[in-house]
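Subject: Structure for your review

Dear colleague,

Please find below the structure I mentioned, together with its sequence. My notes on what was found in it follow directly after.

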Amino acid sequence: MTVVAAEIGLLPAKPVTRGYWAGVGRRLLRDPVAIAAACIILIIVLSAIFAPWVAPADPYKGSMLRRLKPVLDGTYLLGSDELGRDMLSRLIYGGRLSLFMGVFPVVCAFLIGSSIGIFAGYVGSWVNTLIMRTVDVFYAFPSVLLAIALSGALGAGIANAIVSLTMVFVPQITRVAEAVTTQIRTRDYVEAARVSGAGPLTIIRVHVLGNVLGPIFVYATSLISVSMILASGLSFLGLGSKPPEPEWGLMLNTLRTAIYVQPVVAALPGVMIFITSVSFNLFSDGLRSAMEIKQ
């Protein structure tokens with residue numbers, strides 16, 4: 001556990017104040033890479049939210065006479081897919097499912113894993129050992145294989161894919177939360193609060209949460225890029241979304257036979273997955289640096 005704590009570092013020992021978060025904001029604004037990544041993410045998110053007004057065509061309407069048109073065809077800005085549907089519209093609408101399947105499992109895992117890890121780290125003793133050894137059983141499997149195995153066992157579908165991805169990330173976040181909480185609970189201000197008669201819930205709410213949620217949150221944001229890739233992989237394998245729903249991983253699967261006919265069009269969903277994942281990763285790195293987690 002100490003290895004995980006050493007990798008992610010800790011926030012300052014004193015309780016977090018407004019001045020600290022203001023400093024985080026200033027340092028983040030001075031990071032051009034993080035700001036650029038945040039802008040790209042914002043554009044993708046807004047495009048997905050306002051897809052009915054942004055998309056130039058119906059993403060479900062196709063034409064066999066216009067199938068696999070090239071980029072800048074004149075009719076279609078980014079070409080058309082194997083059924084003659086507008087690729088730009090499907091990429092915009094596909095951001096909805098891809099972002100949802102990438103972000104929502106991490107949010108659920110953050111809530112569940114943080115609760116379990118903070119409880120285990122604060123209580124300690126045999127309770128900590130029991131919880132963490134159980135978590136290690138899931139943590140021992142590679143994320144890709146565990147996600148595929150769980151999705152295969154639960155069955156294909158978006159809901160089951162989200163459950164599978166959540167179960168993949170809960171052990172990882174739990175380990176980070178437990179490691180950070182174990183370090184925080186031995187700090188002087190926590191001991192002083194305990195000696196003064198404060199109850200466990202009060203100590204966790206006032207003195208622990210403010211110092212542990214930051215590192216856990218930053219680590220969770222770094223998992224979004226992994227989650228998007230895994231979610232797209234599940235859809236590619238037929239374990240996530242189903243046709244005719246626009247989803248980037250599923251679009252890669254349906255266009256794989258067109259790679260020799262229109263390679264640029266076939267690669268567009270993969271480009272969107274790459275850009276979004278890298279943007280989340282770069283923003284997470286900038287946020288980590290701004291919060292001075294690395295020592």
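D136 is partly exposed, with a relative accessible area of 21%, whereas R175 is buried at a relative accessible area of 17%; the two values fall on either side of the cut-off, because buried means under 20% relative accessible area. Please bear in mind that this is a predicted model, and that every value in this message is computed from it. The side chains of D136 and R175 meet in a salt bridge, with 3.9 Å from N to O. That pair links distant parts of the chain, since D136 belongs to helix α6 (residues 125-139) and R175 to helix α8 (residues 158-184), with their positions 39 residues apart.

In general, side chains of opposite charge can pair when their charged atoms come close. The count for this structure comes to six salt bridges, and D81, E82, R85 and R90 are linked in a network of such bridges. Within that network, the side chains of D81 and R90 meet at 3.5 Å, N to O, while those of R85 and E82 meet at 3.4 Å, N to O. D81 counts as buried at 2% relative accessibility, R90 counts as buried at 4%, and R85 and E82 are both buried as well.

On confidence, the chain averages a pLDDT of 86, and 92% of the residues score at least 70. Among the elements of the chain, α3 has the highest mean pLDDT, 94, and helix α1 (residues 2-8) the lowest, 46. Over residues 1-17 the pLDDT stays under 50, although the model has 42 contacts for this stretch beyond four places in sequence. Where pLDDT is low, the predicted coordinates should not be read in detail, and I would ask you to keep that caution in mind for the start of the chain.

Turning to the surface, V33, I40, V271, F274, I275, V278 and L282 form a nonpolar patch, with about 540 Å² of accessible area together. Two helices, α3 (32-49) and α12 (263-290), each supply at least two residues of this patch, and α12 gives the most, with five residues. One of the patch residues is V271, which is found in helix α12 and is partly exposed, with a relative accessible area of 38%. That value is enough for V271 to be admitted to the patch, because patches are made of residues with over 30% relative accessible area and no salt bridge.

The loop between α4 (51-54) and α5 (87-123) contains A55, a residue that is buried, with a relative accessible area of 13%. Although A55 and L88 are 33 residues apart along the chain, their C-alpha atoms are separated by 7.1 Å. When its neighbours within four places in sequence are left aside, A55 is in contact with S89, I92 and Y93.

Some backbone details may deserve your attention when you go through the torsion angles. Most residues other than glycine have a negative phi, and most peptide bonds are trans. L68, however, has a phi near 55°, a positive value in a residue other than glycine, and L72 likewise has a positive phi, near 60°. L68 is placed in the loop between α4 and α5, and the place of L72 is in the loop between α4 and α5 too. Their surroundings can be set apart by accessibility, in that L68 is buried, with a relative accessible area of 12%, whereas L72 counts as exposed at 65%. As for the peptide bonds, the one from P243 to P244 is cis, with omega near 5°, and P244 lies in the loop between α10 (200-236) and α11 (248-254).

Finally, the structure holds three aromatic pairs. In one of them, the rings of F100 and F104 have their centres 5.1 Å apart and their planes at 15°, so the pair is stacked. F100 and F104 are separated by about one helical turn, because they are four residues apart in helix α5. F100 counts as partly exposed at 39% relative accessibility, and F104 counts as partly exposed at 36%.

With kind regards

Definitions and conventions:
Residues numbered from 1 in each chain as written. Predicted model: local features only at pLDDT ≥ 70, side-chain atom pairs only at ≥ 80, totals over all residues. Heavy atoms only, no water. Patch = residues over 30% accessible without salt bridge, like charges linked within 9 Å, V, L, I, M, F, W, Y side chains within 5 Å. Areas by Shrake-Rupley, 256 points an atom, 1.4 Å probe, with all protein chains shown as cover. Salt bridge = Lys/Arg side-chain N within 4 Å of Asp/Glu carboxyl O. Buried < 20%, exposed > 50% of the residue type's maximum accessible area, 1.4 Å probe, protein only. pLDDT = per-residue confidence, 0-100. Contact = heavy atoms within 4.5 Å. Phe/Tyr/Trp six-rings, centres within 6.5 Å; stacked < 30°, edge-to-face > 60°.
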